[in-house]
Amino acid sequence: MADELPPPPFAGFTSPPPGPEQPPKPPTEEEEEPVDEEDALENENENEPEEAEEDDDDDDEDDMMAMMPDYMVKRVEKLKDLNDRRDIIMKDYLRERAELENKYFGVCKPMYVTRAEIVAGKMDDEIKAGAKAAVVVSSTSNTDDKATGSEEAVDNVTGIPQFWVCAMGHMEAVAELITEQDVDCLEYCTDIRCNDDEDGMGFTLCFHFSPNEYFSNEMLTKRYDIPNLLLDDEPILQNVNGCDIDWKENKCLTTRTVTRKQRGKSGKRAGQIRVVTRKERTDSFFHFFSPPQMPGVMEEMDEEQADAIEEAFDHDYDVAQAFRSHIIPKAVLWFTGEALDVALTPEDEAAEE
């Protein structure tokens, strides 16, 4: 008969009562937790989304080329070489066009300076003297009397009042932003200029104001960074910057102060009346200097929000181009209203694009 085996340790004893559950020990360097391959792949994709998208684009291109026979691949590569050469030529074109734009802006700048002086009344005496000389040479005594009476009627007027606000009012894209309260303030606008960047990749609108009761700024600016400004493509707004308006006390046109009385309903202040003051947004042209905010690269938004932002920037850029391409170069025609009756020339349409 075979010898019996000894009983195992603790045989016949009941297990000890369960104690508090101990947290699992972290794995050592020699002993790592198993990682699911699918989870690891998902985490890697989440950390590098942009690189994954670029890889997808490259894969699509590679797949397209892989489906072509060798002789076709060589022809496509030749076409791509031509496209690269065209890109180099376009860079030279944009550089030379920017230089040409700057050259003729310099030619026109003295005329814009003279225009501002006429509007401000700095050339009133010179213009009056020239008009009198013309009357002496070519008019009869009857017309002289009429001219004298006309001069007496306008002697007390300096320059051309409301020149810029009238010009702006005849441009629909701008006029719809101007309120009655804005008109009084815009009467102090003495000049509007557009300064294009030397490299042709943006521009800055400058609105000059004489001292007034509304704000202390002598100039308000709005800047646009547009890499493809000189191309006929859809403009790519890289950045838009406005400026702060230093409103004088109780003269802000973009907000209004609303005061309301509220009665306490419960607690120690039940029945007591308190005054609550807050600011509310009002319609005004001067919101133009506070442009929409560019969304962040990783900022999430739904389709409705994206559409609203796109519409806001489109409208803002339309107003900017109304100044840059129409009001500023042909201000006198917009002041008189003649520009409303003149169809856009090919040059105007090209400038607006």
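Buried means under 20% relative accessible area, exposed over 50%, and partly exposed in between. With those words in hand, here are some close-up views of this predicted model.

**View 1. A patch of negative charge gathers on the surface.** Asp233 has a relative accessible area of 45%, so this residue is partly exposed. Its place in the chain is the loop between β3 (219–225) and β4 (239–241). Asp233 belongs to a surface patch of negative charge, and its companions there include Asp232, Glu234 and Asp302. Glu303, Glu304, Asp307, Glu310, Glu311, Asp314 and Asp318 also take part in this patch.

**View 2. Helix α9 has the span its residue count predicts.** Helix α9 covers residues 303–327. How far apart should the ends of these 25 residues be at 1.5 Å a residue? The expected span is 36 Å, and the end C-alpha atoms are 35 Å apart, so the two agree. Look along the helix for its buried residues, among them Phe313, Asp316, Tyr317 and Val319. Further buried residues of α9 include Phe323, Arg324, His326 and Ile327.

**View 3. Two loop residues have a positive phi.** Most residues other than glycine have a negative phi. Gln162 is not a glycine, yet its phi is positive, about 60 degrees. You will find Gln162 in the loop between α5 (141–154) and α6 (163–169). Its relative accessibility is 33%, so Gln162 counts as partly exposed. Asn250 also has a positive phi without being a glycine, here about 65 degrees. This residue sits in the loop between β4 and β5 (255–263). Is Asn250 buried or exposed? Asn250 counts as exposed because its relative accessibility is 74%.

**View 4. A salt bridge joins two residues of helix α3.** Side chains of opposite charge can pair when their charged atoms come close. The whole structure holds twelve salt bridges, and the one in this view pairs Glu101 with Arg97, at 3.6 Å from N to O. Both partners belong to helix α3 (residues 70–120), where they are four residues apart, or about one turn of the helix. Glu101 has a relative accessible area of 34%, so this residue is partly exposed. Arg97 is partly exposed too, because its relative accessible area is 25%.

**View 5. Buried residues take part in salt bridges.** Asp191 and Arg193 meet through their side chains in a salt bridge of 2.6 Å, N to O. Both Asp191 and Arg193 are buried. Another salt bridge connects Arg256 and Glu280, whose closest N and O atoms are 3.3 Å apart. This pair links distant parts of the chain, with Arg256 in strand β5 and Glu280 in strand β6 (residues 273–281), 24 residues apart. At a relative accessible area of 19%, Glu280 falls under the 20% limit and is therefore buried. Elsewhere, Asp92, Arg95, Glu96 and Glu99 form one network through salt bridges that share partners.

**View 6. Three nonpolar residues form a patch on the surface.** Leu100, Tyr104 and Val107 make up this nonpolar patch. Together they have about 300 Å² of accessible area. To get your bearings, note that Val107 lies in helix α3, the helix that also holds the salt-bridge partners Glu101 and Arg97.

Note on methods:
Residues numbered from 1 in each chain as written. Predicted model: local features only at pLDDT ≥ 70, side-chain atom pairs only at ≥ 80, totals over all residues. Heavy atoms only, no water. Patch = residues over 30% accessible without salt bridge, like charges linked within 9 Å, V, L, I, M, F, W, Y side chains within 5 Å. Areas by Shrake-Rupley, 256 points an atom, 1.4 Å probe, with all protein chains shown as cover. Salt bridge = Lys/Arg side-chain N within 4 Å of Asp/Glu carboxyl O. Lys, Arg positive; Asp, Glu negative; His and termini not counted. Charge placed at Lys NZ, Arg CZ, Asp CG, Glu CD. Buried < 20%, exposed > 50% of the residue type's maximum accessible area, 1.4 Å probe, protein only. Expected span 1.5 Å × (residues − 1).
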